[in-house]
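Here is a short walk through one protein model, written for reading beside the structure viewer. Please open the view below and keep it at hand.

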Amino acid sequence: MKTKITDIADIIRSKNSGPYELTMDIMFKDFESFEKVCAKKAINEQLVCKLYRITPDQIINIIEFKPAKAIKITIKRPICSGDLGETDVYGAQQHAPLLGLEFDL
C-alpha cells in the first residue's frame with residue numbers, strides 16, 4: 001500500500017531562497033515517517049529532476065534535517081524572481097509537484 005506525502009507531512013511549502021533559488025520544505029508529522037522516507041532515500045536527485053523537469057546540475061542541495069523532521073530541497077530558479085515572464089515572484093506555489101508523491105513505506 002502506498003503512503004501519500006500529504007498524509008505524513010504537516011507542511012509542504014516553497015519559497016524563494018534569494019532571487020535565483022527556490023527552496024521546498026517537507027516537514028513531517030512524526031519522526032517515524034521522516035526516518036522511513038530518509039532511510040529509503042525517497043526524496044532524491046532523480047525524483048526532484050523528474051518532478052521539476054530539471055537536470056542534476058540545477059539541484060543545489062537536498063538536506064535531511066532531523067531536528068525539524070524536515071527535508072529541504074533547493075534548486076536554481078528557471079527564471080530570476082521578478083524577471084519578465086516569471087509567474088511566481090515569491091516562489092510560494094512551486095511545491096505543487098510534491099503534493100502528489102506516494103511512497104512504499
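Does Lys41 count as buried, partly exposed or exposed? At 48% relative accessibility, Lys41 counts as partly exposed, a class that lies between buried (under 20% relative accessible area) and exposed (over 50%), with a 1.4 Å probe and protein chains only. Lys41 sits in the loop between α2 (31-39) and α3 (45-52).

Before going further, please note that this is a predicted model, in which local features need pLDDT of at least 70, side-chain atom pairs count only at pLDDT 80 or more, and totals for chains, interfaces and linings use all residues. Residues are numbered from 1 along each chain as its sequence is written, and side-chain values use heavy atoms, with hydrogens and water left out. Helices (H or I, at least four residues) and strands (E, at least two) are DSSP runs, numbered from the N terminus.

**The sheet**

Let us begin with the strands. Four of them form an open sheet in the order β2-β3-β5-β4, with antiparallel pairing; two strands pair if DSSP finds at least two bridges between them. β2 (9-16) and β4 are the edge strands, each pairing on one side only. On average, and with direction ignored, neighbouring strands of this sheet are turned by 10 degrees against each other. Axes here are lines fitted to C-alpha atoms, for helices over the stretch in contact, and angles run from 0 to 180 degrees between N-to-C directions.

β4 and β5 run antiparallel and are joined by six bridges. Among the bridge partners, Asn61 is matched with Thr74 in β5, and Ile63 is matched with Lys72 in β5. The hairpin of these two strands has four residues between them, and there Lys69 takes a positive phi near 50 degrees.

**Helix α2**

Now turn to the helices. α2 lies across β3, β4 and β5, running at about 50 degrees to β5. Ser33, Phe34, Val37 and Cys38 are buried in this helix. Seen down the axis of α2, its buried residues fall within an arc of 130 degrees, so they line one face of the helix; the arc is that of the directions from the helix axis to the C-beta atoms. The cover over these buried residues includes α1 (5-8), β3 (21-28), β4, β5 and β6, where contact means heavy atoms within 4.5 Å. On the other side of α2, Glu32 and Ala39 are exposed, and Glu32 has a relative accessible area of 54%.

The N-terminal end of α2 is capped by Asp30, with a side-chain oxygen 3.2 Å from the backbone nitrogen of Glu32. Such a polar contact is a pair of N or O atoms within 3.5 Å; within protein, one must be able to donate a hydrogen and the other to accept it, and residues adjacent in sequence count only if both atoms are side-chain atoms.

**Helix α3**

α3 also lies across β3, β4 and β5, running at about 125 degrees to β4. Its buried residues are Leu47, Val48, Cys49 and Tyr52, and they pack against β3, β4 and β5. Asn44 caps the N-terminal end of α3, with a side-chain oxygen 3.1 Å from the backbone nitrogen of Gln46. To compare positions across the two helices, take Glu32 and Leu47: they are 15 residues apart in sequence and 21 Å apart in space, C-alpha to C-alpha.

Positive phi values are worth a look in the viewer, and these residues have them:

| Residue | Place | Phi |
|---|---|---|
| Lys41 | just after α2 | about 50 degrees |
| Arg53 | just after α3 | about 50 degrees |
| Lys69 | loop between β4 (59-65) and β5 | near 50 degrees |

**Cysteines and a buried histidine**

How many disulfides does a search of the whole structure find? The search finds zero, a disulfide being a pair of cysteine sulfur atoms within 2.5 Å. For Cys38, the nearest cysteine sulfur is that of Cys49, 18 Å away. Cys38 counts as buried at 10% relative accessibility, and Cys80 is buried with a relative accessible area of 16%.

Finally, His95 is found in the loop between β5 (70-76) and β6 (102-103). His95 is buried, with a relative accessible area of 17%. Not counting residues up to four places away in sequence, His95 touches Ile12, Arg13, Ser14, Met24 and Tyr52.
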